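Subject: Structure handover

Hello,

I am passing this structure on to you. Please look through it before reading the notes underneath.

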Amino acid sequence: MKEVLKNLNEEQRSAVLHTTGPLMILAGAGSGKTRTLVTKISYLIETVGVSPFKVLALTFSNKAAREMRDRISTQVSSDAGALSVTTFHAFCARVLRSEAQYIGLSRNFTIYDTSESKAVIKQVLSRHGISTKELSPFEVMNYNEGLNNLGYYVGIDNEEEFDLDRSDPFFTYYNEYNAELRKSNAVDFGGLITGVIHLFEKFPDVLKKYVERFEYILVDEYQDTNRAQFKLLNMLSKEKRNICVVGDEDQSIYSWRGADIRNILEFEENYPEVQVLKLEQNYRSSRNIIEAASSVISRNIHRKGKEMWTSNPTGDEIEVVECFNEKEEAEFITKTILDLSKEGHSTREMAVFYRTNAQSRTLEDQLRRANIPYRVVGGVKFYERKEIKDMLAYLRVVVNEKDSLAYSRIVNVPSRGIGATTLRKLETVAVRDGLSLPQVVETIVDNLSNYKDLKLSAKVRSSLSMLSNMFMEARLSDSSGKSPVEIYEGILHESGYWDSLKARKDYESQARLENLEELSSAIKQYESSTEKPSLGGFLETVTLDTSNEEDTGQDLGEVSLMTIHGAKGLEFNHVFLTGVEENIFPSIRSLEESQDFGLEEERRLFYVAMTRAMEKLFICFAQGRMLYGQLKFNGPSRFINEIPNKYYHWKKVGKITGSSSGFSNDNNEYDDFNQECEFEDDEKTFMVSKNAPASKFNTGAKVIHSLYGEGSVINSEGTGQDEKVTIKFKDGVNKKFMVKFAPLTLI
DNA sequence: CACCGTTAAGTTTTT
DNA sequence: CTTAACGGTG
């Protein structure tokens, strides 16, 4: 047997050996799915003799693609560089660049990210005289993305299948938005996918070329694909049928982004000869954690069902930690991290998860105070900073002379006297002559005498001519092979951007200058890591690869902080799951949904969180927490109760903050979860009464209102006389009451 | 055109 | 409590 196959279990091995025909691998968390995929690809190349050129492996994140590429290259001796291991979006961008002319794009098209799409939508809406107050651009964006996710595009043949309401104003906005993109020679994220679908549907010969090339297609994280991606995969693989998809429906946490469970269910219909394999052995976590997580996820109805097991040791019990408030939750975590670290555990192997980014602050405060190094994964992105977006906009105008949006962003940044009035004049000419803004400016500058009626002031004229010349020069440099970083530096100074920031002495401008220098080194970094660096190539990397993993090179032993979404695919020895309270996790939004789908997705999220932990899992919640400036008493999450008792033990920690805490000790409360309690005791930490109270109308409690009937408490705020509760009634209506007045009875 | 004050709203975000 | 975004004023 080949050496590599020895490291695999039986199922993994059959996945690797199944080289022809469709294959669906349902792989549980920590079941070695990446190892299997990597081995499969190297087996195809090394043993079956498939040319790397003919293999296409698709992932969702650049991080995953990179990891897979790296791991393959250690296993494959032949030219792994010819392999296509990439994200869906990057793959589509590549196809569109080489076939752009077919669908009316030119190959230097710009990719718009979410904020740029939003700006275009705003423009469209304002043309209709709609303010952002009347209609949030987000709603339009959701509609547009919805169509994109389904694989719809302007000019599609089988339009009737989409059941569209053509009189819906949103449909009008959608069309105008796309016309606007087209005019700017731009494509949005979803448009990358639908653009390729468009290309393949209307030009079968082009499709044929790709079908011939990619004989073997592999897809990672298949549960997260949307309908558009599903369509694309089918077009590429229905002839050769060598398609292998790997997914886990229990880890599908992106349905709100269009991931469609039907893609798993219908795979078998599309490929009746499919072989389905399950990877159910978990190599990551202790048995306690696996069994606890399995039993939580088994409550979901919408799943195919897998039985996870592990031969790992039973391990410690999960610790459910009840804290007084979010600050003490953070203190508990900090203290535990220090303790574990003293015992010799690596802090690099520890992570703190939260449901929403906003929850990271308290944690960061405490960690900083305790001098524990940490890094926040996700958070504010480098490329979303204003100064970076400004400079990128300059570069985009260089690459794509039709990018009016980018142009209007920087035409007066730094301010050079080109205000709204001038811009409006330019736009009028643009519409009249069917040109983009940069093109219009160029024409005007070249034939000033023809545009006398625009009444442009001398200052405006000179500014415009400066811009026009600058861009012309830059384009010349670009096509004559000058390096991207030189062009960047040139524009940074010629545009006056650098000097205008330099002139300001405030701290913020200082930081911005530093960021601009960092951008410069990012471009250099790109140049040295790419074979044929180009300005356009750099811009594409920036938009499509947002993972700003700064490799500082040195291991400071940082604890990782991230949302649970950000934790997918990762593993840690010690995991702290925070804020596990009703209305937070599961989120209040998901609870408001009428169907169970929202709740089930939250449960999957909880499952993902649990299964990140290898050795030890802490599940923390706070009795009270400041939320939107108000103290909320949400009570522990229902998910905690869904873990069978034998897998965890419950402890309360916290210090007494004084009599003004708003808690009285007489009230008997939290009786539904009177588990065995263990009390921590040290100088700082005192035990909290076992009966720490909040209200008798706890979240989740069933009540009867003499007027509205039966319902359940979904939220409670304030204490004593001021206590208010929100109740969801049987008919789905939510109402808020003052406890002291409302005719409420507990059931 | 830049600044300030008011107001409203408030998940998750691989691309 | 925050943040973003709008409208009014100097």
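The notes below cover the protein's surroundings of the two DNA strands.

Please keep in mind that this is a predicted model.

DNA strand B

The protein places 26 residues around DNA strand B. Tyr254, Arg257, Gly419, Thr546 and Thr563 are the closest of them. Among the atoms of DNA strand B that come within 4 Å of the protein, sugar and phosphate make up 47%. Sorted by class, the surface near this strand holds 12 polar, eight nonpolar and six charged residues.

Three contacts show which parts of DNA strand B are approached:

- Phosphate: an N or O atom in the side chain of Asn62 is 2.7 Å from a phosphate oxygen of DNA strand B.
- Base: a base oxygen of DNA strand B has a polar side-chain atom of Asp224 at 3.0 Å.
- Sugar or linking oxygen: here the protein side is backbone, with an N or O atom of Leu544 at 3.4 Å from such an oxygen of DNA strand B.

DNA strand C

The residues surrounding DNA strand C are Lys118, Lys122, Thr132, Arg361, Tyr628 and Gly629. By class, three of the residues on this surface are charged, two are polar and one is nonpolar. Sugar or phosphate supplies 50% of the atoms of DNA strand C within 4 Å of the protein, and bases supply the rest. Lys118, one of the surrounding residues, has a polar side-chain atom 3.2 Å from a phosphate oxygen of DNA strand C.

Regards

Methods:
Residues are numbered from 1 along each chain as its sequence is written. Chains are lettered from A and ligands numbered from 1 in the order in which they are written. This is a predicted model: local features need pLDDT of at least 70, side-chain atom pairs count only at pLDDT 80 or more; totals for chains, interfaces and linings use all residues. Side-chain values use heavy atoms; hydrogens and water are left out. A residue is near a molecule or strand if one of its heavy atoms lies within 4 Å of it. A polar contact is a pair of N or O atoms within 3.5 Å; within protein, one must be able to donate a hydrogen and the other to accept it, and residues adjacent in sequence count only if both atoms are side-chain atoms. Ala, Val, Leu, Ile, Met, Phe, Trp, Tyr, Cys and Pro count as nonpolar, Asp, Glu, Lys and Arg as charged, and the others, Gly among them, as polar.
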